[in-house]
Amino acid sequence: MRVLVSCANGSGTSLMMMRTAEKALKELGFKITNINHCSISEGKNSAKNYDVVFTPTTFVNMFENAAKKGVRVIGIKNPMSVKEIQEKVEESDLAEVFKK
Amino acid sequence: MLRYFHDNGLVKIEERVPENWEEAIRFSAEVLKDKSLITDEYVNQVVNDVKEYGPYIVIIPGVAMPHSSAENQGVLGTGIGFTIMPETVSFEENNPEKDAKLFFMLAAKDSEQHMQNIANLSELLMQDGMVEDLMQIKTLEDFESVMNKHNM
């Protein structure tokens with residue numbers, strides 16, 4: 001599964017959230033083939049090359065185009081919460097699609 | 001990580017009560033400015049980002065991580081400055097989840113070192129009881145005792 005983590009400027013929150021997402025997904029048994037973090041402006045263009053995007057809740061609507069193309073866009077409130085990411089991943093269809 | 005702040009002179013127990021979140025960010029920048037890791041140009045960008053995007057820099061209730069693009073001209077070096085405000089600062093009206101008292105300002109010139117700093121900061125904040133203990137700090141002696149208690 002290809003994972004992108006994006007925040008306003010790509011140097012603080014997204015980096016922290018990337019570590020959390022990596023841990024959360026590995027614990028759930030996902031195989032991550034590629035994980036990156038970047039700014040929203042960069043992410044808007046590159047999101048289509050990923051299977052899932054994690055981003056602070058306020059930025060979810062920036063990824064409408066990617067979402068239309070089938071990229072799962074998941075808004076996260078707490079960039080350090082493994083639990084929150086796991087709960088939201090479990091609410092999505094990611095396990096169905098990527099954990100075969 | 002607490003030792004890192006302590007040994008590098010990157011911790012400050014702020015005595016002035018900031019009037020609003022913007023002033024709090026400016027106070028929290030002083031530690032990094034004193035060490036010539038950032039300039040006001042960067043601080044202004046951090047403030048503008050919050051105005052534009054909202055208080056997403058409050059990463060968990062009580063904890064703010066002010067930062068902006070690493071490419072900003074005002075970023076001169078790499079480090080995290082830790083400032084403890086005398087009172088909780090509100091970022092969003094009627095939303096106590098976005099209040100903050102602990103400010104960790106980021107400067108990220110060297111991306112590898114920054115990656116390590118962020119990893120250390122995550123670990124610090126995930127430590128059981130850490131945020132609660134940091135909230136109680138009023139003096140440098142308090143800080144040292146929290147540092148020794150958690151051995152971090």
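Colleague: How many residue pairs are in polar contact across the interface of chain A and chain B?

Modeller: The rule finds 5 such pairs, both residues being at pLDDT 80 or more. A pair of N or O atoms counts within 3.5 Å; within protein, one must be able to donate a hydrogen and the other to accept it, and residues adjacent in sequence count only if both atoms are side-chain atoms. Bear in mind that this is a predicted model, where local features need pLDDT of at least 70, side-chain atom pairs count only at pLDDT 80 or more, and totals for chains, interfaces and linings use all residues. Residues are numbered from 1 along each chain as its sequence is written, chains are lettered from A and ligands numbered from 1 in the order in which they are written, and side-chain values use heavy atoms, leaving out hydrogens and water.

Colleague: Which part of chain A gives the largest share of the side touching chain B?

Modeller: That's helix H1 (residues 13-27) of chain A, with 4 residues. Helices (H or I, at least four residues) and strands (E, at least two) are DSSP runs, numbered from the N terminus. The side of chain A that touches chain B divides into 7 nonpolar, 6 polar and 2 charged residues.

Colleague: What makes a residue part of the contact, and how many does each chain bring?

Modeller: Heavy atoms within 4.5 Å make a contact. By that rule, chain A brings 15 residues and chain B 21. The two chains bury about 1700 Å² between them (accessible area lost on being put together, 1.4 Å probe, summed over both). Of that, 68% is on carbon and sulfur atoms. In chain A, Met16(A), Arg19(A) and Met80(A) lose the most area to chain B, together 33% of what that side buries.

Colleague: Why is the pair Arg72(A) and Asp93(A) called a salt bridge?

Modeller: The definition asks for a side-chain nitrogen of Lys or Arg within 4 Å of a carboxyl oxygen of Asp or Glu. Here the closest N and O atoms are 2.9 Å apart, so the pair qualifies. It links distant parts of the chain, 21 residues apart: Arg72(A) sits in strand E4 (residues 72-76), and Asp93(A) in the loop between helix H4 (82-91) and helix H5 (94-98). Over all chains the count comes to 14 salt bridges, yet the rule finds 0 across the interface of chain A and chain B.

Colleague: How do you know whether chain A is compact?

Modeller: Chain A has 5 helices and 4 strands. Its radius of gyration is 12 Å, close to the 13 Å that the globule rule gives for 100 residues, so chain A is as compact as a globular protein of that length. The radius is taken over C-alpha atoms, and the rule is 2.2 Å times the number of residues to the power 0.38.

Colleague: What does that comparison give for chain B?

Modeller: Chain B has 14 Å, which agrees with the value near 15 Å for a compact globule of 152 residues. Chain B has 6 helices and 5 strands.

Methods:
Nonpolar A, V, L, I, M, F, W, Y, C, P; charged D, E, K, R; others polar.
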